[in-house]
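Grab a pencil and work through the exercises below. Try each task yourself before you read its solution.

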Amino acid sequence: MMRRWPLLFIVTIFTLTMCKAPPTPQGLSGNIIVDGSSTVYPITEAMAEEFQKLNPNVRITVGISGTGGGFRKFCAKEIDIVNASRAIKALEVEECRKNGVEFIELKVAFDGLAVVVNPQNDWVDYLTVEELKKIWEPEAQEKITRWSQIRPNWPDKELRLYGPGVDSGTYDYFTEVIVGKGGSSRGDFLASEDDNVLVQGVASDPLALGYFGLAYYEENADRLKLVPIDAGAGPILPSYETVIKGLYKPLSRPLFIYVNKSAAERPEVQAFVEFYLNPQNAGKLVREVGYIPLPEEELRKALERFRKRVTGSEYAH
């Protein structure tokens, strides 16, 4: 009987070794401050929650002030990481440079913008890019105010619009690809940098039309009606397949985080960003919160870019 104890001991140690979580840096502690896009927020929040389970002494706060608001805080050295639903602008690059902020630009996922109406809307079957421009361009303000002005066979009822605020990267991207100029939009609509506010607005207003990130539609699909968009090849709904294959045009886009290079030297920030870009974590968590994961090869390139501390932007405009 005594001769069996060494074997039992070895089996027990082997079992414990196989079951334990992947190794993480020991003794990590500190605070990481993230702010910016409400679109990217669910991804970063999910990453933060999982990372903190492994590193309970690291506190990560994730705020929502819109992409533009996030970049202002980032360039003022108030935060470590900014969530961005568009690439950094040339003016923001210059602001960071003036304040001595070097940054590492990292693409983390893909997203499609959802155009939505209330489920009681039984007349909208799809919208063309031209119709979206007609609705949202600056010239439409106080002029295009009824559904019948979009198509004559639609009801002569009030058109009520909901969209991201001017600090939102979603606003910048939508106006750029639909209106033709970033930031160029009518102003007479209910605006918010918080997509949950827009969801609530459209869900409670039978005459509403709005747009925001696809993940927020998928979280509230029972309260909203998704509108297919026709860019010339027929009406297309946003989905994992249509976004990743480039079929949902022009309302699909990359999502980013930007990391302060100085902050990246702190062990807790380095570990968190590497966790964020790990293909196993990114593939699972990005999809869980309703976004489209990057291909593993692109994630590996992003991870290499971070480890080499490559600064500057490949996408700035």
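**Exercise 1. Work out whether R160 is buried, partly exposed or exposed, then find its salt-bridge partner.**

Step 1: Start with the cut-offs: buried means under 20% relative accessible area, exposed means over 50%, and partly exposed is in between (1.4 Å probe, protein chains only). R160 has 31% relative accessibility, so it counts as partly exposed.

Step 2: Look for the partner. The side chains of R160 and D205 meet in a salt bridge, 3.0 Å from N to O; the term stands for a side-chain nitrogen of Lys or Arg within 4 Å of a carboxyl oxygen of Asp or Glu.

Step 3: Place both residues. R160 belongs to strand β6 (residues 160-164), D205 to the loop between α7 (195-203) and β8 (208-213), and the pair links distant parts of the chain, 45 residues apart. Helices (H or I, at least four residues) and strands (E, at least two) are DSSP runs, numbered from the N terminus.

Step 4: Check the partner's surroundings. D205 has 5% relative accessibility, so it is buried.

Before you go on, a word on the source: this is a predicted model, where local features need pLDDT of at least 70 and side-chain atom pairs count only at pLDDT 80 or more, while totals for chains, interfaces and linings use all residues. Residues are numbered from 1 along each chain as its sequence is written, and side-chain values use heavy atoms, with hydrogens and water left out.

**Exercise 2. Find the salt bridges of R86 and say which parts of the chain R86 and D172 tie together.**

Step 1: One salt bridge of R86 goes to E92, at 2.8 Å from N to O.

Step 2: Another goes to D172, at 2.6 Å from N to O. Because R86 sits in the loop between β3 (81-84) and α4 (90-98) and D172 in helix α6 (residues 169-179), this pair ties together parts that are 86 residues apart in sequence.

Step 3: Now check burial. R86 comes out at 4% relative accessibility, so it counts as buried. E92 is buried too, with 13%, and so is D172.

Step 4: Put it into context: the structure holds 24 salt bridges.

**Exercise 3. Describe how β1, α2 and β2 fit together.**

Step 1: Strand β1 (residues 30-36) and β2 run parallel, joined by 5 bridges; two strands pair if DSSP finds at least two bridges between them. For I33, the bridge partner in β2 is T61.

Step 2: Add helix α2 (residues 41-54), and you have a right-handed β-α-β unit. Right-handed means that, with the strands pointing away from the viewer, the path from the first strand over the helix to the second runs clockwise.

Step 3: Sort the side chains of β2 (residues 58-62). V58, I60 and V62 are on its covered face, R59 and T61 on the uncovered one. In a regular strand, side chains alternate between the two faces of the sheet.

**Exercise 4. Locate S37 and list what it contacts beyond its neighbours within four places in sequence.**

Step 1: S37 is in the loop between β1 and α2. With 1% relative accessibility, S37 counts as buried.

Step 2: A polar atom of the S37 side chain lies 3.1 Å from the backbone nitrogen of V40.

Step 3: Leaving those neighbours aside, S37 is in contact (heavy atoms within 4.5 Å) with G66, T67, N83, A84 and S85.

Terms used:
Polar contact = N/O pair within 3.5 Å; in protein donor to acceptor, adjacent residues only side chain to side chain.
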